[in-house]
Structures are given as structure tokens and as C-alpha cells.
Amino acid sequence: PISTSLRPRSASVTHARPLPQNERRAFIGPVINGAGFILTEDEAASLLAKGDAWRKIIRPYLVGDDVLNRPDHGPSRWVIDFGFLTLEETMKFPAAADIVRARVKPDRDNNRDDHYRKYWWQFARPIREMREVLGPLSRYIAAPAQGKRIVCAWQDVWTCPSNLTIVFGFDDDYAMGVLSSFAHEVWMREQASSLEDRIRYTPSSVFTTFPWPDRVP
């Protein structure tokens, strides 16, 4: 018999279920909802020159095209990321707070979402769980959320991913090998959705169901 994925029924993975061991490992990056969070390189350099503490909220910003098209697969932009800081706590970084107040707040004030208006200095979706997973790591793996091909690349934990990237909470070479493998690619093409001629990697359907191979001694 042939499945709806046009594969022999025995080979179909369309009904694969999420695996507990894959929980809290793959995320779509944060949604910022406000171009005013983005900084020029000169602006970022000026703010970072104020001291090491500013690295907490001034971060390199990664989009999917960076992973695909830049030789180092690294970020080409900068962003103000207050994470889950309270408004009072943002005042420790007054120059950055002033930028967000001037560039982001006016649009947020007109947003229909009460949460966006109330927490105008925060990303729309800062994703606490992702931050908790990446916090203790030395690096993480990122891939574009969509494209004709999906490439994985190491990123420094300082780098803030965008919602145009997929974030994998691993810092070991074995995980990189698995995610870059033909087995993962085949699984991805079976489970992912598509947009025109591009693959859309959705962690909830692709990664959570992926049968992670055992490490060979």
C-alpha cells in the first residue's frame, strides 16, 4: 500500500510521534516585532564601548540568510535585546533604553495586543525556555528556518537568533554530525512543510519526531 506521502506504507513517517528525549532541544528563534531594536554596526560599537555589562543587551543578530550566504555563517546585524528585564532594570542601560523608547514604543503603543503595548521594551516573543537551555552552553547550532537547503552552523551563545533561524540546544560535535547527516536531511524532507520551492523546518514536526541515533562507542 502507498501512503499519502507517496511512500510505501512501511516507510512512511507522516504519523511519527514526538519523542520525550527531543523536548527542549529545538526552537524557532525570538520574534522581535519592532525594527527599532536593530542597530547599525557603529551604534552597537558605541554602546558596547560603555563596558562589558552592555554585552548582556547588545548582541549580534542572526538571520537565516546569514547562515546560508556569509562565509563564516555568522551574524551581520546587531540588536538590543532586553530579554525579560523589567523596565526599571533597563534603566541600567539608559542609552539603549532611549533608543527603544524612541524607535519601538510609538508603534507598540498602537498595537492591538495588550502585552506588546505593556512590555514595549521586550521582544514580542523573547522565548524564556530557549534562553534557559542555551544559558549553560558554550555554543549552539543554528540553521535557516526555510530555504532550498538547510545548513547547520555553530554560533556563539552571545549571538541572538531571529525567528528566521532554527536553534538547536547542543554544543557537542556529535550533535552537529547528526544534524548535518543524510539521515536527518531525509527525515526533514519527509516531515517539513514547503513554501514554493523552499523547505520550512518546523521543530514541532521535524525535530521532535526525529529518532536520534545512539552514540557509537
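# A walk through the model, one selection at a time

Histidine 73 is in the loop between helix H2 (64-69) and E4; helices (H or I, at least four residues) and strands (E, at least two) are DSSP runs numbered from the N terminus. Select histidine 73 and check its backbone: phi is positive, about 60°, although the residue is not a glycine. Its relative accessible area of 29% makes histidine 73 partly exposed, where buried means under 20%, exposed over 50% and partly exposed in between (1.4 Å probe, protein chains only).

Before moving on, some housekeeping. This is a predicted model, in which local features need pLDDT of at least 70 and side-chain atom pairs count only at pLDDT 80 or more, while totals for chains, interfaces and linings use all residues. Residues are numbered from 1 along each chain as its sequence is written, and side-chain values use heavy atoms, with hydrogens and water left out.

**Stop 1: the strands around E4**

From the loop, step into E4 itself. E3 and E4 pair in the antiparallel sense over 4 bridges; two strands count as paired if DSSP finds at least two bridges between them. Click on proline 60 and you can look across to its bridge partner in E4, tryptophan 78. E2 also pairs with E4 in the antiparallel sense, over 2 bridges. There, isoleucine 38 has valine 79 of E4 as its bridge partner.

**Stop 2: helices H1 and H4**

Now colour H1 and show Ala44, Leu47 and Leu48, its buried residues. Looking down the axis of H1, you'll find them within an arc of 95°, so they line one face of the helix; the arc is that of the directions from the helix axis to the C-beta atoms. Their cover includes E2, E3, E4 and H4.

Next, select H4 (residues 94-103), where Ala96, Ala97, Ile99 and Val100 are buried. Why do these end up on the same side of H4? They cover an arc of only 160° around the axis. Behind this sits a general rule: an α-helix has 3.6 residues a turn, so residues three or four places apart point the same way. Turn on the surroundings and you'll see the buried residues of H4 packing against strand E2 (38-39), helix H1 (41-48), strand E3 (58-62), strand E4 (77-80), helix H3 (87-90) and helix H5 (105-109).

**Stop 3: tryptophan 120 and its loop**

Jump to tryptophan 120, in the loop between helix H6 (114-118) and helix H7 (128-134). Is this side chain buried or exposed? At 6% relative accessibility, tryptophan 120 counts as buried. Show what it touches: leaving aside neighbours within four places in sequence, tryptophan 120 is in contact (heavy atoms within 4.5 Å) with Phe37, Leu87, Val100, Arg101, Val104, Lys105 and Arg108.

Arg108 is worth a click of its own. The charged end of arginine 108 sits over the ring of tyrosine 116, 5.4 Å from its centre; for that, NZ of Lys or CZ of Arg has to be within 6 Å of the ring centre and within 35 degrees of the ring normal.

In the loop between H6 and H7 you can also pick isoleucine 127. Its phi is near 60°, a positive value in a residue other than glycine. Isoleucine 127 is buried, with a relative accessible area of 13%.

**Stop 4: the open sheet**

Hide the helices and bring up 4 strands in the order E1-E9-E5-E7, an open sheet with antiparallel pairing. Strand E1 (26-28) and strand E7 (153-156) stand at the edges with a single partner strand each, so one side of each has no neighbour in the sheet. E1 meets strand E9 (residues 165-168) over 3 antiparallel bridges. Pick alanine 26, and its bridge partner in E9 is phenylalanine 168.

**Stop 5: the aromatic cluster**

Stay on phenylalanine 168, which is buried at 1% relative accessibility. Its ring centre is 5.7 Å from that of tyrosine 201 and the planes are at 90°, so the pair is edge-to-face. Rings of Phe, Tyr and Trp (its six-membered ring) pair if their centres lie within 6.5 Å; planes under 30 degrees apart count as stacked, over 60 as edge-to-face and the rest as tilted. Tyrosine 201 is buried too, at 3% relative accessibility.

To finish, select Phe168, Phe170, Trp187, Tyr201, Phe207, Phe210 and Trp212 together: ring pairs link them into a cluster.
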